[in-house]
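Thank you for making time for this; I would like to walk you through one structure, taking the ligand and its surroundings before turning to a single helix. Please have the sequence and the model open while I speak.

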Amino acid sequence: MRTTTARAHPNIALVKYWGKRDEERILPAAGSLSMTLDAFETTTTVVPDGDRSADVLELNGRAADAEQTERIARFLDHVRALAGSAQRVIVRSHNSVPTGAGLASSASGFAALATAAATAFDLDLDNPALSRLARLGSGSACRSVVPGMAVWHAGDDESSFAEPVRAPDMRMVIVTVDRGRKPVSSRTAMRLTAATSPFYPAWVSSTEQSLSEMVEACQTGDFTRIGEITESHALRMHALIQSTTPPIRFLRPASVAIFDTVAELRSNGLEAYATADAGPNVAVLVRPDDAAALAGELDDLGQVRIVGPGPGAQLLPEGLEVPAATAHKGTAQGGTAQEGITQEGPA
Ligand code: DP6
């Protein structure tokens, strides 16, 4: 075993994953499709640590709470089972944006952890196998293993992984309206949706339909169709989530205002389409040539950032590590990528 560090980026879904048919293996009720971003990365170091009896998690330079540590330990149990090992590890993870706000998603976290841990435990996994492993940490993480546009197949344990899909070059303008932690996690809200929404069966069947139309639109380079499906699928998901008992609402008035502004810009000839994951922040899909103009139009509605398709999860060269908690001076809520990593001597 050896110390390894990996980096991964979050993804924004254009066809959303919302609902599982198997909670244990994290098999989704329907397939989904997303863009892995070139920003908001997570960097994670896995350190094998002697005869320690429990895994340790350090998040943004501080010891993580028991719940976060337990989730990581359960994921590492899958890695240990694959490797035939009982070794416990220290996981040091650094997010470049706040955790739990819907940007520094569990997707980048588990994609980075799966990649670092697989190598630390000497597993030789190809990309589908790595995507399947990341899926066991958080469903959407299986898509962050893949660069750019990724489709995640519903499938069974063997066949449920993400792979690249051909698509036209696109940008997203991320409009951050709130950097706080969301009130309910995706996992809890998803479970409540499946258990209580009368619309859930229709959501699952219509998502399969949206996905096959989206894959075709991507492959034929039909930006307008990609955008139309993206926006309507996002609004369907948020309508679905509001139909739970008790109701949950992730969108804020500021989020809805962005959807309205985007519709108005569209009617004035700037073609763009809005989406939002399980939080109030909005991502607006646009052609590369229109991204700067769109960002200019949206910058009084929140903090804007133009992002594009980014790399899949990747190992960093040996010696680049997230520093140990005691040595780290960053904030618990994240900082810059440069703050989160140091050059150590070769491990
Ligand atoms: C709204 O992947 O975070 O972002 O599998 O329970 O960890 P778990 O859920 P998670 O859910 C992401 C939901 C979403 C839509 C999407 O990314 O497709």
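**The ligand and helix H6**

I will begin with Arg187, where a polar side-chain atom lies 2.8 Å from an oxygen atom of the ligand, and I should say at once that this is a predicted model. Ser138 also has an N or O atom of its side chain placed 2.6 Å from a ligand oxygen, while for Ser106 the distance from a polar side-chain atom to an oxygen of the ligand is 3.3 Å. As for the ligand's surface, it exposes 450 Å² when taken alone, and the protein buries 94% of that.

Which residues are closest to the ligand? Of the 18 residues that surround it, the closest are Tyr17, Lys20, Ser138, Ser140 and Arg143. By character, the shell divides into 7 nonpolar, 5 polar and 6 charged residues, and the element that gives the most to it is helix H5, residues 186–196, with 3 residues.

Let me turn now to helix H6, residues 200–219, whose 20 residues should span 28 Å at 1.5 Å a residue, and whose end C-alpha atoms, 29 Å apart, agree with that expectation. The buried residues of H6 include Tyr200, Trp203, Val204, Thr207, Ser210, Leu211, Met214, Val215, Ala217 and Cys218. Because these buried residues cover an arc of only 155° around the axis, they sit on the same side of H6. On the face turned away from that buried side, H6 carries the exposed residues Pro201 and Glu216.

Conventions: Residues numbered from 1 in each chain as written. Predicted model: local features only at pLDDT ≥ 70, side-chain atom pairs only at ≥ 80, totals over all residues. Heavy atoms only, no water. Near = heavy atom within 4 Å. Polar contact = N/O pair within 3.5 Å; in protein donor to acceptor, adjacent residues only side chain to side chain. Areas by Shrake-Rupley, 256 points an atom, 1.4 Å probe, with all protein chains shown as cover. Helix = DSSP H or I, 4+ residues; strand = E, 2+ residues; numbered from the N terminus. Nonpolar A, V, L, I, M, F, W, Y, C, P; charged D, E, K, R; others polar. Expected span 1.5 Å × (residues − 1). Buried < 20%, exposed > 50% of the residue type's maximum accessible area, 1.4 Å probe, protein only. Arc of directions from axis to C-beta.
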